[in-house]
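Q: Got a minute? I'd like to go through this model with you.
A: Sure. Let's put it up and start.

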Amino acid sequence: MSRISELPVLRWASWLVLTIVLGTPVFTHAAELFGAPQKRYASVWKVQGAVQAVAGGKTRNLREGDTVFVGERLRAAAASEAVLKTDDAGYIALRPGAEFVAETYTAEGKPSDQVHVRLVSGAIRMITGWVGRGNPKAYRVTASTVTIGVRGT
């Protein structure tokens, strides 16, 4: 075996040693080190047109199946829209020209679960997931102007 072929094994062994010494997996903090958001909020179920996620000065175009993280600002272009499926089985439809941010999201099946979303501009349609049904006082939507229609009982 040449030294070059041994390098991946040595890198893996180094990560393992650091993990054992520090007591936590080092690679779980990689997203934090590079400024990427960490907490998953939803996945993109449907997308039409140009919908972007912006966080930490970085912009990415969303496609079906992509993950949306807490703290990312979603922007739909004028003729674009997206439907997100939240991790608590809710849905959010981001309408054309809208900007939206999931500011706080905890869905662990505990009484402390909470959702706080902010509509910056435009319109969204929402169906709450189990956090909103199980803990309605901890489900908050913030917007400067609102027209609301409540469906169901």
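Q: Which residue in strand 3 does Ala53 stand opposite?
A: Arg60. Keep in mind that this is a predicted model.

Q: How many bridges join strand 2 to strand 3?
A: Four bridges. Strand 2 covers residues 51–55.

Q: And which way do those two run, parallel or antiparallel?
A: Strand 2 and strand 3 run antiparallel.

Q: What sheet are they in, and what is its strand order?
A: An open sheet of six strands. The order is 3-2-5-8-9-11. Its pairing is mixed.

Q: Which strands are the edge strands?
A: Strand 3, residues 58–61, and strand 11, residues 139–143. Each of these pairs on one side only.

Q: What does the twist average from one strand to the next?
A: The average is 20°.

Q: Let's zoom out. How many helices and strands does the chain have?
A: Three helices and 11 strands.

Q: In what pattern do they follow along the sequence?
A: Two helices come first, as α-α. Then there is a run of β elements, and the chain finishes with α-β. Written in full, that is α-α-β-β-β-β-β-β-β-β-β-β-α-β.

Q: New topic. What share of the residues is buried?
A: 29% of the chain's 153 residues count as buried.

Q: What about the surface: how much area does the chain expose?
A: About 10100 Å². Carbon and sulfur atoms supply 58% of that area.

Q: Last one. Of contacts between residues at least 6 apart in sequence, what share joins residues at least 24 apart?
A: That share is 49% in this chain.

Notes:
Residues are numbered from 1 along each chain as its sequence is written. This is a predicted model: local features need pLDDT of at least 70, side-chain atom pairs count only at pLDDT 80 or more; totals for chains, interfaces and linings use all residues. Side-chain values use heavy atoms; hydrogens and water are left out. Buried means under 20% relative accessible area, exposed over 50%, partly exposed in between (1.4 Å probe, protein chains only). Contact means heavy atoms within 4.5 Å. Accessible areas come from the Shrake-Rupley method with a 1.4 Å probe; for residues, only the protein chains shown count as cover. Two strands pair if DSSP finds at least two bridges between them. Axes are lines fitted to C-alpha atoms, for helices over the stretch in contact, and angles run from 0 to 180 degrees between N-to-C directions.
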